[in-house]
Amino acid sequence: MSIASTSVIQIIPRTRRGVELMLLIIAIAVAVGAYINIGLTVQDRIPASTGYYAAGISLLALIAHMVLRYRAPYADPVMLPCAVLLNGLGVAMIHRVDLGLKQAAEAAGREPRSAAAPQQITWTAVGIILFLVVILLIRDHRRLQALTYTAGLAGLILLILPLVPGLGVNINGAQIWIRFLGMSFQPGEFAKLSLVVFFAGYLVVKRDVLTLAGHRFLGLDLPRARDLGPILIAWAVSLGVLVFEKDLGSSLLFFGLFLFLLYVATERAGWLLIGGLLFLGGAWFAYATFGHVNKRVADWLDPFNEVGGQVSNALMGQAWGGVLGRGLGQGRPEILGFYGQSDFIISSFGEELGLTGMIAIILVYTLIVERGLRTALGCRDIFGKLLATGLAMSFALQVFVIVGGVTGLIPLTGLATPFMALGGTSLVANWAIIALLLRISDQARRPQTPAAPVSDETIAMAVQKQ
Amino acid sequence: MSELTLTLIKLGFLALLWMFVLAVLSVIRSDLFGAKVDSRAPAPVLAQGGRTPKPVKPSKKKKGQPGSVTIADGPQAGVGATLSAEPVVIGRGSDCQIRLDDDYSSTRHARLFQSEGEWWVEDLGSTNGTYLDGQRVSRPVPAEIGGSIRIGRTTLNIAK
């Protein structure tokens, strides 16, 4: 009888960084493969810039990987490769629509618009830098709990920023951009991050009173009227975003996130009921009051009422793609113009990679969300649990809202497709979210400090010798 | 470029994309089918190599040897563990194989282990003591079928 086999069974803590490197290599192969494929079909040759593209994406991914290796060795091995894959595919598709728009402009004898892909690559680099900064600076996510109310205030300021005269700009009817130093930003993307920190920190403190006080009605535990304050405020703020910024997507995202975290923190379905009713009320109010919401619903119920409308073009494209797609570079996603790179980028993938490719992409998002929720399960502190859940759910909600809108499942609301859609702020903010999730998962998966040895091996051995 | 080549490139790319998804799924498979466990000693070596250790095959039980230990009464009745080769730790701690919800038990209260073909009960320095058939366990004593272990206010039965 060896000593080893009498000692306590333990879960082996594995860093799995080697697995991460392997997955990263496949992810980079997919992204570079897409780039080459597009060059071959659109320009009939392997594009000369392939080397730069491959070197750039590999370098960025490798730096992120090495920092994780040294600074967060137990972090989840799956999230970084998934994010790199989505980002790389997104850049490739933006490049593909660039080429399509250029051809269309040349055919029409117009001056082509400047290419958007190089800009997106620059933003990817900025995103990875922020990723590194978050991993290096935030050594312990629990420090963020001290910033609960600061984060809440920062989130509100970021939300209101586009309404400041002279700073905010109105693009396509939505007042959600600010122009600063000659560049446009979407502060709402970062508001999302700080509000999740705020929600998590707030609910850690308040969850007990929100869970325990209340009365039972029709088999549901309903909260007391005076505990309804927070949910009503969250509802009012998201309605405010809708009314003043005309941003349906963010409004839905913020309310959905708060409601979901409230449910997770209290485990009471009563909150979902109240939240659902508030949502229905808000939705009806928006539908009755705002022309643009009304039009979105009309487009959803009858997408083909307007020939050449965005939704009808997107649906046509996806139908043309069918099961296996037209093949990269062989569809016509440029028909949607700029939207084929941003809000409708998923529909561009549906057209060129078909249902098969689209399911794979949605699965990759699902895997990121699953790993986020898994991190929450494994996390040892409640703040970390709620934070990880909120961050993971922010991806899930965004993907559901935008993919659902583009495929005609729900009325279309403009939200950025995480990591893929053209848009610097969104990309950078998403890299920060992934960094935070990885930081929490490093804490969750790290082996616990071993308990003081209680067992007395010498006694056991003495007995064995008898 | 010919139609056939383009179709092959298209299918190849989709296959590559799905290969990534399947690779990720196989990596996270371990989460669904339970974490790998092993005894403490070889763990650091394995962790460095990043390899999955082969699960230890449960050794064949000899006739007359205890095969399981189960909580006999209270709200946790029926909770238990099979006695194969690995030792079983009982207590309130989350790393115990049998986790007691008993305020009178210690975090790591007692353990059952196999040595020289026999199972032994050992007290791990608990506050309130471990009793086997009414006798306080002060040093490892053999556990036999039909015996009952009392820990705090919980009674566990040793069965075949």
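In this predicted model, Gly93(B) touches Thr107(B) and Arg108(B), leaving aside residues up to four places away in sequence. Two places in the structure are described below: the surroundings of Gly93(B) in chain B, and a pair of helices in chain A, α9 and α10, whose axes come within 9 Å.

**Gly93(B) and its surroundings**

- Gly93(B) and Thr107(B) are separated by 14 residues in sequence, yet their C-alpha atoms are 4.5 Å apart in space.
- Gly93(B) sits in the loop of chain B that runs between β4 (88-91) and β5 (98-99).
- Gly93(B) counts as partly exposed because it has 16 C-beta neighbours inside 10 Å, and a residue needs 20 or more to be called buried, or 12 or fewer to be called exposed.

**The annotated stretch of chain B**

- An unreviewed UniProt entry lists residues 88-137 of chain B as "domain: FHA".
- Over residues 88-137, chain B is 46% strand and 0% helix, and the C-alpha atoms at the two ends are 16 Å apart.

**Helices α9 and α10 of chain A**

- Helix α9 (residues 248-266) and helix α10 (residues 269-289) of chain A have axes that cross at roughly 165°, and α9(A) is therefore roughly antiparallel to α10(A), since angles over 145 degrees are classed in that way.
- The crossing in which α9(A) passes α10(A) is right-handed.
- From α9(A), the residues Phe255(A), Leu259(A), Leu262(A), Tyr263(A) and Thr266(A) meet Trp271(A), Leu272(A), Gly275(A) and Phe279(A) of α10(A).
- The residues of this contact between α9(A) and α10(A) comprise seven nonpolar and two polar ones, with no charged residue.

Technical notes: Residues are numbered from 1 along each chain as its sequence is written. Chains are lettered from A and ligands numbered from 1 in the order in which they are written. This is a predicted model: local features need pLDDT of at least 70, side-chain atom pairs count only at pLDDT 80 or more; totals for chains, interfaces and linings use all residues. UniProt positions are given in the numbering used here, feature names are shortened, and annotations may be inferred rather than shown by experiment. Helices (H or I, at least four residues) and strands (E, at least two) are DSSP runs, numbered from the N terminus. Two residues are in contact if their C-beta atoms, placed from the backbone, lie within 7 Å. Axes are lines fitted to C-alpha atoms, for helices over the stretch in contact, and angles run from 0 to 180 degrees between N-to-C directions. Angles under 35 degrees count as roughly parallel, over 145 as roughly antiparallel, 65 to 115 as roughly perpendicular and the rest as oblique. A crossing is left-handed if the near helix is turned anticlockwise from the far one by less than a right angle, and right-handed if clockwise. Ala, Val, Leu, Ile, Met, Phe, Trp, Tyr, Cys and Pro count as nonpolar, Asp, Glu, Lys and Arg as charged, and the others, Gly among them, as polar.
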